[in-house]
Amino acid sequence: MPIDAKTAAHVARLARIRVEEERLPALAEEFSAILGFIEQLNEVDVEGVEPMVSVSPMRLKRRPDVVTDGSMPEKILANAPDAREGFFAVPKVVE
Amino acid sequence: MGDLNRMTIAEARDALRRGEVSAVELTEACLAAIEAAGALNAVVHGTPELALEQARAADARLRAGGAPDMCGIPLGIKDLFCTRGVPSQAASFILNGFRPEYESTVTSRLFEAGAVMLGKLNMDEFAMGSSNETSTYGSAVNPWRRVDDETPLTPGGSSGGSAAAVAADLCLAATGTDTGGSIRQPAAFSGIVGLKPTYGRCSRWGIIAFASSLDQAGPMTKSVRDAAIMLAAMAGHDPKDSTSADIPVPDFEAALNGDIRGRKIGIPREYRMEGMPAEIESLWAEGRRMLRDAGAEVVDISLPHTKYALPAYYVIAPAEASSNLARYDGVRYGHRAKLGAGDGITEMYEKTRAEGFGDEVQRRVMIGTYVLSAGFYDAYYNRARKVRTLIAKDFEDAFAQGVEAILTPTTPSAAFGLGEMADADPVRMYLNDVFTVTVNLAGLPAVSVPAGLDSQGLPLGLQLIGRPWEEGALLNAAHVIETAAGFASRPSRWW
Amino acid sequence: MLDLTFDAPKPRVISGATGDWEMVIGMEVHAQVASKAKLFSGASTEFGAEPNSNVSFVDAAMPGMLPVINEFCVEQAVRTGLGLKAKINLKSAFDRKNYFYPDLPQGYQISQLYEPIVGEGEVIVWMGEGVARRVRIERIHIEQDAGKSIHDMDPHMSFVDLNRTGVALMEIVSRPDIRGPEEAAAYVTKLRQILRYLGTCDGNMQNGNLRADVNVSVCRPGDYERYRESGDFSHLGTRCEIKNMNSMRFIQQAIEFEARRQIAILEDGGEVVQETRLFDPDRGETRSMRSKEEAHDYRYFPDPDLLPLEIEQEWVDAIRDSLPELPDEKKARFIAEFGLSDYDASVLTADVESAAYFEDVARGRDGKLAANWVINELFGRLKKDGHDITRSPVSPGQLGGIIDLIRKGDISGKIAKELFEIVYTEGGDPARIVEERGMKQVTDAGAIEAAVDEVIAANPAQVEKARDNPKLAGWFVGQVMKATGGKANPKAVNEIVRKKLDL
């Protein structure tokens, strides 16, 4: 299914990646080519086939309810572009 | 002793134990080689001080006796591994300046075994690419060149820096990661050995995720024996990774007895692709002969869904990546875009991610977003997962017939020139992974072994695919090819 | 056995200009699992810590970090499911819900969309004696909580604290079976009660450990019944979801406002738009949450970092065997065993600590008397001090001792109240206090007779009047009680007064 510029813009927005207006048609074309390639999958008969969940047939690992981590706010904030008073700071969010 | 950096792990291990060489000497030789190899752009963050400190500690341990195999071995570490206090950026601008406060499980294990880290190695951004050209650091360059031709070639990708560094003897070995062929393809392009272990063999904890259900770390080495030694140090159960297998790690090196008599090796007819270069075809035939000569039973097999592996991969990997890369948002680490007046949180996200991610990463994140979006989930993602089941079943069927390993070419061509694919449509670049990607979808171990040179003097690799958890048997078969091929060529030094 | 016959309450009806409207309400209650560590990391869940201190690298979604599940949290979800008589799914799976928000570090919430751990169950919500609503539970799933964004610390910036990020929540999803604001509050109250009985959630709404998203729609009388018969949601109106409420009062106010808002739109010929809304307690209104609207494509897919969660039937059975007596059963038992009224039994079983306290007091004693003392004296006194039962200065043994003294006739009811106050404020053994402070009731007939005689002798005029008006005997009893400092046995005084006055 070919992708148009409007769909490309929608996807870019969902992915939170700014794409300049004039680049959208080219992007849509790239998407269309990739999706065209992907659509070969439609040739496969998948009737009754279970989707793969995991290649490793193991029991999910569990941990006990014990506090083993945390108490290191300075390490958590060490790489932050903007940290203030122990918090991460971001442009104002309007709810 | 000259050229210490040219040693294999096995040679260095033995020399270190005999006291013929020190870890510091080995490390200094590698650091000097790195110093002189700027043109390869393989090492992107050198850590010479850390390396020498680790080397001195290794020497003390060696003197005390009983040191593990990897003690004192200088390694390069792919930039995808988080290494404490050392830049770890996945070759992306979005992680510019990121220095983790933690150490990945695989590097922790290597360091606990006494290994020395020389620095971080170049790669494709977030391991997305087959040529190292998507790196924020600029491409690594293959130490190999075509005969009488100075065209810079790709070392392959995504572990291109690792392949280049090992091939150019900047380190004794390197870590790589493989999501669709990212260890094996660059290993083949650079004339070295690259092993992708069974999914779950090495912990993913602390390795920057690309596609969680496919990613697996592995060794990139100068010999099959080295791969066996290094894998043993990297592997093992990790309670911090829910997908890491609680299975004992055997002595892989001990499996290398060269005896494959009576072993059944499968040759999948679907890998005989149209338009495959004659040289690849004949290399493959040569591989079959080598195995047969060693007493293996070479049989034709069918893996009927092979053709659909690449399209399934290009649904699953981008879908997982689109979610895995959502955390790069400019809030807690890495790059944050400069904002204009009136810009809010959405603008911060959109500008940060547009500036921080390169074109290929953006493309894959958006494709992944699209295939997961409302109304398309079943048509794309779920269908791809079903095809994945069929691909895994193809292998199970072959193994059920007694096949112990499967022989294929690693890549459809030798290394190509940097920039050569710049104008090609993205799908053409994706075709590089056509022989390697099935293995990731099925979670199997596979190794690429250098087996010959093409007419232009470039290395070519053969791939062996093994049964789950049987890396030892797989490496033993690879060892047979390695010995029979007697691949001893090295790139002549131009850098 | 538990008697579960009841009548359904009437739905709340609002009369509009164009006729009557009914409310239809479904709820998603987010209950924080009472665990020490987070769902997928080893960081603490403790409330009120310094910002970003209960945060691991996993919670902060540092590159390469991976989730490993806390088994205790899984157990609590199973336990909750069993408490709600729900189907436990031996195989469930975790999905990622993808959206961008600063307090969601991973860019996705790990939840269970496709295969939740708990399936259909029910909650019986009592609205009065013999009147209850059976609210069907659709599912319970486990998921991660988000962090906290603080918007009022800086004019241009929002501040993010990740302490809450990754704390385990159980999302308990009801069917749209709730029919009015009071029922909604009663449903949350009942659910909270059950969770607290089970010990799976502390139910602290103030700290946000229990909060509700409320789906409200309105329909015409008869439509709801048509929906229940056919299962066809098109009989119901378009719903709006009011997010994140942590007060019973606000839940009721928000539902009331929202239903009236929707009715006004519909009666105006408009259409209700399905959307997420926020309740503003200052204005008593709900308003549209625009920021959430555009991000509605959550791109759910199975989390590749986690395998499916498979649990064993034996484990589920062991959890079932360890379930405590639940509120409805306990209440029925209190009525049967102690002869309590429905009301008293409800009050005493409201929380498990009160019920246990009462049982300790009532054991081997008169259950009704014990209920009276626990409800009227103890609860009343605790309320005055703002204490709950767990901080009662009077132990069940002490209160039982007071009741024993009453039964034995050692003290009167009036003295008993004084004694209770002494025990409450000063502590000590009630029998000993009575002894030491001479509070014991005078039951000695001779002593009482003497006192009666004295009063009669001192009040001849009253004696005359009493002969004509026997009701005045009470006046004499009062005088005698006064004269004996309240310690005389009132019953004995009454008898002797009547005898002496020839009444």
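This is a working chat about a predicted model, with most of the talk on chain B.

Visitor: Let's start with chain B against chain A: how many residues does each chain put into the contact?

Guide: In this predicted model, the contact takes 57 residues from chain B and 38 residues from chain A. On the side of chain B, the elements that give two or more residues are helix 9 (309-324), helix 10 (345-356), helix 11 (359-372), helix 12 (377-400) and helix 13 (426-430).

Visitor: Which of those helices gives the largest share?

Guide: That is helix 12 of chain B, which supplies eleven residues to the side that touches chain A. By class, the residues on this side of chain B divide into 29 nonpolar, 14 polar and 14 charged.

Visitor: And what does the contact between chain B and chain C take from each?

Guide: There, 33 residues come from chain B and 25 residues from chain C. Helix 9, helix 10 and helix 11 of chain B are the elements that give two or more residues to the side of chain B touching chain C, and the largest share, three residues, comes from helix 9. The classes on that side of chain B are 17 nonpolar, nine polar and seven charged residues.

Visitor: Back to chain A for a moment. How do helix 1 of chain A and helix 11 of chain B cross?

Guide: The axes of helix 1 (residues 5-14) of chain A and helix 11 of chain B come within 9 Å and cross at roughly 100 degrees. Angles of 65 to 115 degrees count as roughly perpendicular, and the two helices are therefore described as roughly perpendicular to each other.

Visitor: Which residues make that contact?

Guide: Helix 1 of chain A brings Val11(A), Ala12(A) and Leu14(A), while helix 11 of chain B brings Met366(B), Thr369(B) and Tyr370(B). By class, this contact has five nonpolar, one polar and no charged residues.

Visitor: Change of topic: anything unusual in the backbone of chain B?

Guide: As background, most residues other than glycine have a negative phi, and most peptide bonds are trans. Against that, a cis peptide bond joins Gly157(B) and Ser158(B), with omega about 10 degrees, and Ser158(B) is placed in the loop between strand 3 (116-121) and helix 5 (160-167) of chain B. Two residues other than glycine have a positive phi, namely Ala91(B), near 55 degrees, and Phe126(B), near 50 degrees.

Visitor: Where do Ala91(B) and Phe126(B) lie?

Guide: Ala91(B) lies in the loop between strand 2 (74-78) and helix 4 (105-112) of chain B, whereas Phe126(B) lies in the loop between strand 3 and helix 5 of chain B.

Visitor: Are they buried or exposed?

Guide: A residue is buried if 20 or more other C-beta atoms lie within 10 Å of its own. Ala91(B) has 33 other C-beta atoms within 10 Å, so Ala91(B) is buried; Phe126(B) has 32 within 10 Å and is therefore buried as well.

Visitor: What about Glu270(B), buried or exposed?

Guide: Glu270(B) is partly exposed, because 16 other C-beta atoms lie within 10 Å. Glu270(B) is in the loop between strand 7 (264-268) and helix 8 (278-293) of chain B. Not counting residues up to four places away in sequence, Glu270(B) touches Ser302(B), Leu303(B), Pro304(B), Thr306(B) and Lys307(B).

Visitor: Now strand 5 of chain B: which strands does it pair with?

Guide: Strand 5 (residues 193-196) of chain B pairs with strand 6 (residues 216-221) of chain B in the antiparallel sense over two bridges, and three bridges join strand 5 to strand 10 (residues 446-453) of chain B, again antiparallel. Gly194(B) stands opposite Met220(B) in strand 6, and the bridge partner of Gly194(B) in strand 10 is Ser448(B).

Visitor: Which residues cover its two faces?

Guide: Val193(B) and Leu195(B) are on one side of strand 5 and Gly194(B) and Lys196(B) on the other, and all of them are buried.

Visitor: Last one: which residues touch the most other members of the largest nonpolar core?

Guide: Of the 283 residues in that core, they are Leu75(B), Leu464(B) and Val214(C). Leaving aside neighbours within four places in sequence, Leu464(B) is in contact with residues including Ala405(B), Ile406(B), Val447(B) and Leu474(B). A second, separate core of 30 residues includes Ala362(C), Leu378(C), Ile402(C) and Leu419(C).

Notes: Residues are numbered from 1 along each chain as its sequence is written. Chains are lettered from A and ligands numbered from 1 in the order in which they are written. This is a predicted model: local features need pLDDT of at least 70, side-chain atom pairs count only at pLDDT 80 or more; totals for chains, interfaces and linings use all residues. Helices (H or I, at least four residues) and strands (E, at least two) are DSSP runs, numbered from the N terminus. A residue is buried if 20 or more other C-beta atoms lie within 10 Å of its own, exposed if 12 or fewer, and partly exposed in between; C-beta atoms are placed from the backbone. Two residues are in contact if their C-beta atoms, placed from the backbone, lie within 7 Å. Ala, Val, Leu, Ile, Met, Phe, Trp, Tyr, Cys and Pro count as nonpolar, Asp, Glu, Lys and Arg as charged, and the others, Gly among them, as polar. Axes are lines fitted to C-alpha atoms, for helices over the stretch in contact, and angles run from 0 to 180 degrees between N-to-C directions. Angles under 35 degrees count as roughly parallel, over 145 as roughly antiparallel, 65 to 115 as roughly perpendicular and the rest as oblique. A nonpolar core is a set of buried Ala, Val, Leu, Ile, Met, Phe, Trp, Tyr and Cys residues joined through C-beta atoms within 7 Å. Two strands pair if DSSP finds at least two bridges between them.
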